[in-house]
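Welcome! Let us walk through this structure together, one feature at a time, and see what its side chains are doing.

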Amino acid sequence: MGLHPQVEVVLQKLAGLGFPSLQTASMEEIRKAFAYSRTQLKEIVTPLADVSNQTIHSQEADIPIRIYRPEGEGLLPVLVFFHGGGFVLGDLETTDNICRFLAHHARCIVVSVAYRLAPEHPYPAAVNDAIFAANWVAEHAEAFGGDSKRLGVGGESAGGNLAAQVTLWARDQQGPKLSFQLLIYPGVHLRVDSPTCIEFQNKYNLTVDEMKWFHTHYLAHEEMGRLPEVSPLLAKSLSDLPPALVITAEFDPLRHDGEAYVDRLHASGTQAIGKRYDGMVHSFLNYSGEVDDSLRALEEIAEALYEAFYRASK
């Protein structure tokens, strides 16, 4: 199918905002414009029992987190979530409504992590922060009503890369036992020459030019994208990992590598479900108040989380 008509309307609205040039604008201007663009999208807002901010402290950095707690008694499962933005943009507000939705509908606590951003903090700062945050949550979950025995990680786009990195670290370094990994249109291979990158180039929401800009700021040099410690798709083994749900969008340059990741998980004996949403583009989950399939995707993701945390754990 072609681009969904509801998505076309959203993209026209975003184009009308006049996003500043990545080549000439300052980083401050670009980040402000990115944050503003997110406020112009209609999203489903879900009430919760409690939402609180705090800062955790590693040896490298102070890391802001936001804890979303739904209604419910006793210890609840926990999802550690990493926002997108190419490792350069985004913060706790970027995926606020997504985290609220998942916390409410999956009946789990969501801990959103504001990892350090490039270019001020290039690779591996974001990975280190993600690993530290996941480990911190595992160690402190009970203090905020969480069940460390039902712990998952998730993220969208660049955050999907970080979630995948955390699962590999947890396996290889005897980290916390993870119940689930949620990878939403993840950037699992930092390159711009995949079949879908070549096919879509600069047509839709995430462009190849933007990807190059992100990579330039995050990596010391483009060739680093071929390293398995940067690109999880290139990891030597994807065996012995937690079950995965990988969400892709039909008109997303990252689609090919996300689906290739599912294939490699299957080949490695790891339980994985790949779900492609036809007619959708990168970041479509942020359109939940305007695009029917965005809301449907959130509902299906929440159901998968609930299944992993409540049914599969029995």
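Is Cys108 buried or exposed? The model you are looking at is a predicted one, and in it Cys108 has a relative accessibility of 0%, so this residue counts as buried. Cys197 belongs in the buried class too, because its relative accessible area is 1%. You might now wonder about cysteine pairs. A disulfide is a covalent bond between the sulfur atoms of two cysteines. The structure holds zero disulfides. For Cys108, the nearest cysteine sulfur is that of Cys99, 9.4 Å away, and Cys108 is in no disulfide. A pair would have to come within 2.5 Å to be counted.

From here, let us turn to the nonpolar interior. In soluble globular proteins, nonpolar side chains tend to be buried together. In this model the largest nonpolar core has 113 residues, and the members that touch the most others are Leu102, Leu182 and Phe284. Take Leu182 and look at what surrounds it. Setting aside neighbours within four places in sequence, Leu182 is in contact with ten residues you can pick out on screen, among them Leu79, Phe81, Leu102, Val153, Ala163, Leu245, Ile301 and Leu305. Gly154 and Gly155 are also on the contact list of Leu182.

Helix H4 is a good next stop. It runs over residues 125–140, which makes 16 residues. At 1.5 Å a residue, H4 should span 22 Å, and its end C-alpha atoms are indeed 22 Å apart, so expectation and model agree. Many of its side chains are worth finding: the buried residues of H4 include Ala125, Val127, Ile131, Trp136 and Val137, and Asp129 is buried as well.

Now for the charged residues. Side chains of opposite charge can pair when their charged atoms come close. The structure holds 18 salt bridges. One of them joins Arg100 to Asp96, with the closest N and O atoms 2.8 Å apart. Both residues sit in helix H3 (residues 96–106), and because they are four residues apart there, about one helical turn separates them. An α-helix has 3.6 residues a turn, so residues three or four places apart point the same way. The two partners differ in their surroundings: Arg100 is partly exposed at 21% relative accessible area, whereas Asp96 counts as buried at 11%. This pair is also part of a wider arrangement, since a network of salt bridges links Arg66, Glu93, Asp96 and Arg100.

Helix H9 (residues 292–311) offers a second case, with Arg311 and Glu307 four residues apart, or about one helical turn. Their salt bridge has its closest N and O atoms 2.9 Å apart. Here Arg311 is partly exposed at 42%, and Glu307 is partly exposed at 35%. A further salt bridge connects Asp147 with Arg150, the closest N and O atoms being 2.9 Å apart. In that pair, Asp147 is buried at 15% relative accessibility and Arg150 is buried at 14%.

Our last stop is His215, which lies in helix H7 (residues 208–218). With a relative accessibility of 6%, His215 counts as buried. Which side chain makes a polar contact with the side chain of His215? The partner is Glu222, at 3.2 Å. Beyond its neighbours within four places in sequence, His215 is in contact with Leu190, Arg191 and Val192 as well as Glu222.

Note on methods
Residues numbered from 1 in each chain as written. Predicted model: local features only at pLDDT ≥ 70, side-chain atom pairs only at ≥ 80, totals over all residues. Heavy atoms only, no water. Salt bridge = Lys/Arg side-chain N within 4 Å of Asp/Glu carboxyl O. Helix = DSSP H or I, 4+ residues; strand = E, 2+ residues; numbered from the N terminus. Buried < 20%, exposed > 50% of the residue type's maximum accessible area, 1.4 Å probe, protein only. Core = buried A, V, L, I, M, F, W, Y, C linked by side-chain atoms within 4.5 Å. Contact = heavy atoms within 4.5 Å. Expected span 1.5 Å × (residues − 1). Polar contact = N/O pair within 3.5 Å; in protein donor to acceptor, adjacent residues only side chain to side chain.
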